[in-house]
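Me: I have a protein chain to look at and some questions about its shape, its cores and a few of its residues. Could you go through them with me?

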Amino acid sequence: DVTGIAAGTSTIKYTLGTGCAATSVVTVNPLPAIVTVSGAGTFCDNTTITASGGGGGTIYFEGTTSGGTSTSTPSTSEVVIASGTYYFRSQSASGCWGTEGSVVVTINPSPAAIAGATSVCKGSTTTLSDATAGGVWSSSNTTKATVSGTGDVTGIAAGTSTIKYTLGTGCAATSVVTVNPLPAAITG
């Protein structure tokens, strides 16, 4: 068995006890450089991971397969929608694979879209809802509208406020609520 140690050539010799020998020149091809992957962390719905390096070869996305040798997806950037460890690896023109790079991502789902009216009169209340349980309601501008723990939005002053429903993972759904002013008082 011949093991390549460094790029270059070596003459391999097989000698019999009589002193007669056969030789063969073996070429050791260089490996592509290591691939570095960025984009690790926790995200809502999806994220993009990016590979760099891999000099001397073409970078391939190997999905969640460590040590993969698939050449079906030449890529340095991929959108992932599920949690896992993702791998990229570079292959040289001579077919040699370099050291893979990997990144660990956690993907949390966002809550469902917020349902309910997106406008309310000053001093009135409308109810918003979200089909995903366990979230917390908040208002971006409590001088315009407030929201209760059950999704009841009360108009405070004319304008807009972004109402947010946030899960414990930090993933959120939003809805912009417009507070309409009341007409002027009737006189006479």
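Reply: Start with a definition. Accessible area here comes from the Shrake-Rupley method with a 1.4 Å probe. Keep in mind that this is a predicted model. By that method, the protein chain exposes about 10600 Å². Carbon and sulfur atoms supply 54% of it.

Me: How many helices and how many strands does the protein chain have?
Reply: Look for both kinds of element along the chain. The strand count is 16. The helix count is zero.

Me: What radius of gyration does the protein chain have, next to a compact globule of 188 residues?
Reply: Begin with the globule. With 188 residues, its radius of gyration would be near 16 Å. The C-alpha trace of the chain, though, spans about 125 × 25 × 20 Å along its principal axes. The radius of gyration of the chain is 31 Å.

Me: What share of the residues of the protein chain count as buried?
Reply: A residue is buried when its relative accessible area is under 20%. Apply that to the 188 residues of the chain. The share that counts as buried is 29%.

Me: Among contacts between residues at least 6 apart in sequence, what share join residues at least 24 apart?
Reply: A contact needs heavy atoms within 4.5 Å. Take the contacts between residues at least 6 apart, then pick those that join residues at least 24 apart. Their share is 50%.

Me: How far apart are the mean positions of the positive and negative charges?
Reply: The chain has 5 positive charges and 7 negative ones. Take the mean position of each set. The two are apart by 12 Å.

Me: Is threonine 126 buried or exposed?
Reply: Threonine 126 sits in strand β11, residues 125-127. Beyond four places in sequence, it touches Ala117, Ser119, Val120, Gly151, Asp152 and Val153. Its relative accessible area is 13%, so threonine 126 is buried.

Me: Which element gives the largest share of the largest nonpolar core?
Reply: This core has 13 residues, and Ile114, Leu128, Trp137, Val153, Ile163 and Val177 have the most contacts inside it. Elements that give two or more residues to it are β13 (145-147), β15 (159-166) and β16 (172-180). The largest share is three residues, and it comes from β16.

Me: Which residues does leucine 128 touch, not counting residues up to four places away in sequence?
Reply: Leucine 128 is one of the residues with the most contacts inside the largest core. Some of its partners are on that list too: Ile114, Trp137, Val153, Ile163 and Val177. The others are Ala115, Gly116, Ala117, Thr150 and Gly151.

Me: How many residues are in the second, separate core?
Reply: Nonpolar side chains tend to be buried together in soluble globular proteins. The second core includes Ile59, Phe61, Phe88 and Val105. Its residue count is eleven.

Me: Is serine 72 buried or exposed?
Reply: Serine 72 is in the loop between β6 (58-63) and β7 (77-80). Its C-alpha atom is 8.8 Å from that of glutamate 62, ten residues apart along the chain. The cut-off for exposed is over 50%. At 59% relative accessibility, serine 72 is therefore exposed.

Me: Which residues is threonine 169 in contact with, leaving aside neighbours within four places in sequence?
Reply: Threonine 169 lies in the loop between β15 and β16. At 44% relative accessibility, it counts as partly exposed. Its contacts are Asn108 and Pro109.

Me: What is the phi of aspartate 45?
Reply: Most residues other than glycine have a negative phi. Aspartate 45 lies in the loop between β4 (41-44) and β5 (47-53), and counts as partly exposed at 37% relative accessibility. Although it is not a glycine, its phi is positive, at about 70°.

Me: How far apart are the C-alpha atoms of glycine 149 and alanine 93?
Reply: Glycine 149 is in the loop between β13 and β14 (152-155). At 67% relative accessibility, it counts as exposed. Along the chain, glycine 149 and alanine 93 are 56 residues apart. Their C-alpha atoms are separated by 60 Å.

Me: Which residues is threonine 99 in contact with, leaving aside neighbours within four places in sequence?
Reply: Threonine 99 lies in the loop between β8 (84-91) and β9 (101-108). It counts as partly exposed, at 47% relative accessibility. Its contacts are Ile34 and Val35.

Terms used:
Residues numbered from 1 in each chain as written. Predicted model: local features only at pLDDT ≥ 70, side-chain atom pairs only at ≥ 80, totals over all residues. Heavy atoms only, no water. Helix = DSSP H or I, 4+ residues; strand = E, 2+ residues; numbered from the N terminus. Rg over C-alpha atoms; globule rule 2.2 N^0.38 Å. Buried < 20%, exposed > 50% of the residue type's maximum accessible area, 1.4 Å probe, protein only. Lys, Arg positive; Asp, Glu negative; His and termini not counted. Charge placed at Lys NZ, Arg CZ, Asp CG, Glu CD. Core = buried A, V, L, I, M, F, W, Y, C linked by side-chain atoms within 4.5 Å.
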